[in-house]
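Please open the model in your viewer and keep the sequence panel visible. The tour proceeds by selections, each followed by a short account of what is to be found there.

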Amino acid sequence: MVGMRQLLVFAERDDAEEVAETLGEWFAALGVPRVVRETLAGEDDAESAQWLVVVEGLDEGALAKVDELVERYEGWREAG
């Protein structure tokens with residue numbers, strides 16, 4: 001299925017920004033994905049926030065490549 005939104009989740013902002021830049025280079029037609037901060041529900045500690053890279057429009061073949069990149073940065077992918 002092409003076009004489903006994917007959320008790439010990271011603990012560190014730098015990791016999320018590097019992945020977003022890399023994806024922007026790999027899939028130039030999609031542009032550079034945006035990086036957003038997500039505070040976990042019920043968490044008061046700002047250190048508990050996760051960094052998300054929001055990606056849309058990739059097919060299954062591209063997602064396999066994305067998964068390899070995300071794992072290198074100790075993150076994971078969720079359908080969003």
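Which pattern does the protein chain follow when read along the sequence? The order is β-α-β-β-α-β, and the chain accordingly holds two helices and four strands. Please bear in mind throughout that this is a predicted model. The protein chain has 80 residues, of which 34% count as buried.

**Selection 1: R13 and E17**

Select helix α1, which covers residues 13–26, and display the side chains of R13 and E17. These two residues form a salt bridge, with the closest N and O atoms 2.8 Å apart. Both belong to helix α1 and are separated by four residues, about one turn of the helix. R13 is partly exposed at a relative accessible area of 45%, and E17 is likewise partly exposed, with a value of 31%.

**Selection 2: the negative patch**

Next, select E12, D14, E18, E21 and E25, and switch on the surface. Together they make up a surface patch of negative charge. Two members of the patch merit individual attention.

E21 is located in helix α1. Is E21 buried or exposed? Its relative accessible area is 52%, and because the cut-off for exposed is over 50%, E21 counts as exposed.

E18 also lies in helix α1, but its relative accessible area of 40% places it in the partly exposed class. While E18 is selected, add V53 and draw a line between the two C-alpha atoms. The line spans 10.0 Å, whereas the two residues are 35 residues apart in sequence.

**Selection 3: W26 and F27**

Now select W26 and F27 and show the rings. How many aromatic pairs does the structure hold? It holds one. A pair of aromatic rings is described by the distance of the centres and the angle of the planes. For W26 and F27 the centres are 6.3 Å apart and the planes stand at 85 degrees, so the pair is edge-to-face. The partners fall into separate accessibility classes: W26 is partly exposed, with a relative accessible area of 31%, while F27 is buried, at 18%.

**Selection 4: R77 and D67**

Move on to R77 and D67. The structure holds two salt bridges, and here the side chains of R77 and D67 meet in one of them, at 2.5 Å from N to O. What does this pair tie together? R77 belongs to strand β4 (residues 76–79) and D67 to helix α2 (residues 60–72), so the salt bridge ties together parts that are 10 residues apart in sequence. Both partners are partly exposed: R77 has a relative accessible area of 30%, and D67 has 23%.

**Selection 5: E74**

Finally, select E74, in the loop between α2 and β4, and inspect the backbone. Most residues other than glycine have a negative phi. E74 is not a glycine, yet it has a positive phi of about 60 degrees. The residue is exposed, with a relative accessible area of 72%.

**Returning to the whole chain**

To close, clear the selections and retain three labels. Mark the salt bridge between R13 and E17, the salt bridge between R77 and D67, and the edge-to-face pair of W26 and F27.

Key
Residues are numbered from 1 along each chain as its sequence is written. This is a predicted model: local features need pLDDT of at least 70, side-chain atom pairs count only at pLDDT 80 or more; totals for chains, interfaces and linings use all residues. Side-chain values use heavy atoms; hydrogens and water are left out. Patches are made of residues with over 30% relative accessible area and no salt bridge: like charges are joined within 9 Å, nonpolar side chains (Val, Leu, Ile, Met, Phe, Trp, Tyr) within 5 Å. Accessible areas come from the Shrake-Rupley method with a 1.4 Å probe; for residues, only the protein chains shown count as cover. Lys and Arg count as positive and Asp and Glu as negative; His and the chain ends are not counted. The place of a charge is taken as NZ of Lys, CZ of Arg, CG of Asp or CD of Glu. Buried means under 20% relative accessible area, exposed over 50%, partly exposed in between (1.4 Å probe, protein chains only). Rings of Phe, Tyr and Trp (its six-membered ring) pair if their centres lie within 6.5 Å; planes under 30 degrees apart count as stacked, over 60 as edge-to-face and the rest as tilted.
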